[in-house]
Amino acid sequence: MEHGLLWLPLLAMFFWLAWQGSKEYQKVEAYRAWAEQFERAKYDIYAVLGQKDNNITWGKPTPKGPIKLETFSLDNVQAINLLVDDKLFNLDSPPEKGRQIELEFLFPEPAKSVKIPFTEIPLAAEWGKFLQSKLDSR
């Protein structure tokens with residue numbers, strides 16, 4: 001009986017991990033369906049991001065699909081910044097490490113910006129360079 005009681009927490013942990021994995025799979029599948037409408041898209045645990053022509057759409061991933069979606073046009077963007085731990089970095093020379101990674105889109109309206117979170121610095125820098133090139137080519 002003692003052995004059964006020792007395995008019970010492990011069994012509960014296994015079921016909890018399986019449930020979490022199922023939720024994450026549902027998020028990825030919902031993202032996959034949502035991303036088909038875009039030319040370029042990204043998914044991570046913090047945000048989904050899609051680009052079609054000069055429009056950028058982003059939101060939060062959930063098992064039922066992205067929520068809190070916002071869309072803006074690159075035509076209205078003044079500058080794109082890479083922020084790591086609330087410090088500004090050049091897109092061509094990002095830092096090695098950081099906890100809070102964001103691409104910041106600055107608009108001409110006073111004090112208006114959009115910050116899109118990322119999990120990885122290289123991915124944020126790659127997106128920043130790509131979107132900056134689209135911004136420069138207009």
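Start by selecting Phe38: in this predicted model, Phe38 counts as buried, with a relative accessibility of 15%. Now add Trp34, which is buried too, at 11%. Show both rings and you'll see a tilted aromatic pair, with 4.7 Å from centre to centre and 55 degrees between the planes. Bring in Tyr31 and Tyr43 as well, since ring pairs link these two with Trp34 and Phe38 into a cluster. A search of the whole structure turns up seven aromatic pairs.

For another of those ring pairs, jump to Phe72 and Phe107. Their centres are 5.4 Å apart and the planes stand at 90 degrees, so this one is edge-to-face. Color strand β4 (residues 67-73) to place Phe72, then the loop between β7 (101-106) and β8 (113-118) to place Phe107; the pair therefore ties together parts that are 35 residues apart in sequence. Buried or exposed, would you say, for Phe72? Phe72 is buried, at 9% relative accessible area, and Phe107 is buried as well, at 7%.

Keep Phe107 on screen and add Lys112. The charged end of Lys112 sits over the Phe107 ring, 4.8 Å from the ring centre. You can find a second arrangement of this kind by selecting Lys42 and Phe118: here the Lys42 charged end sits over the ring, 4.1 Å from its centre.

Phe118 also leads you into the interior. Which residues touch the most other members of the largest nonpolar core? Select Phe72, Val77, Leu82, Leu103, Phe105, Ile116 and Phe118; the core they belong to has 24 residues. At least two core residues come from each of β3 (55-60), β5 (79-84), β7, β8 and α2 (121-136). Helix α2 gives the largest share, six residues. In soluble globular proteins, nonpolar side chains tend to be buried together.

Now for something nonpolar on the outside. Select Leu5, Leu8, Leu11, Phe14 and Phe15, which make a surface patch of about 540 Å². Leu8 will put you in helix α1 (residues 2-35).

While you're on α1, go hunting for salt bridges; the whole count is four. Glu24 pairs with Lys27, and their closest N and O atoms are 3.8 Å apart. Both sit in α1, three residues apart, or about one turn of the helix. Glu24 is partly exposed at 28% relative accessibility, while Lys27 counts as buried at 19%, because the cut-off for buried is under 20%.

Next, select Arg32 and Glu29, a salt bridge with the closest N and O atoms 2.9 Å apart. These two are also three residues apart in α1, about one helical turn. Arg32 is partly exposed at 46%, and so is Glu29 at 30%.

Then try Glu126 and Arg40, where the closest N and O atoms of the salt bridge are 3.3 Å apart. Why does this pair tie together parts that are 86 residues apart in sequence? Because Glu126 lies in helix α2 and Arg40 in strand β1 (residues 40-43). Glu126 is partly exposed, at 46%, as is Arg40, at 24%.

Last stop: two backbone oddities. Asp53 isn't a glycine, yet has a positive phi of about 55 degrees. Look for Asp53 in the loop between β2 (48-52) and β3, partly exposed at 47%. Lys68, also not a glycine, has a positive phi of about 50 degrees. Lys68 is in strand β4 and counts as exposed, at 65% relative accessibility.

Technical notes:
Residues are numbered from 1 along each chain as its sequence is written. This is a predicted model: local features need pLDDT of at least 70, side-chain atom pairs count only at pLDDT 80 or more; totals for chains, interfaces and linings use all residues. Side-chain values use heavy atoms; hydrogens and water are left out. Rings of Phe, Tyr and Trp (its six-membered ring) pair if their centres lie within 6.5 Å; planes under 30 degrees apart count as stacked, over 60 as edge-to-face and the rest as tilted. Buried means under 20% relative accessible area, exposed over 50%, partly exposed in between (1.4 Å probe, protein chains only). Helices (H or I, at least four residues) and strands (E, at least two) are DSSP runs, numbered from the N terminus. A charge sits over a ring if NZ of Lys or CZ of Arg is within 6 Å of the ring centre and within 35 degrees of the ring normal. Patches are made of residues with over 30% relative accessible area and no salt bridge: like charges are joined within 9 Å, nonpolar side chains (Val, Leu, Ile, Met, Phe, Trp, Tyr) within 5 Å. Accessible areas come from the Shrake-Rupley method with a 1.4 Å probe; for residues, only the protein chains shown count as cover. A salt bridge is a side-chain nitrogen of Lys or Arg within 4 Å of a carboxyl oxygen of Asp or Glu. A nonpolar core is a set of buried Ala, Val, Leu, Ile, Met, Phe, Trp, Tyr and Cys residues joined through side-chain atoms within 4.5 Å.
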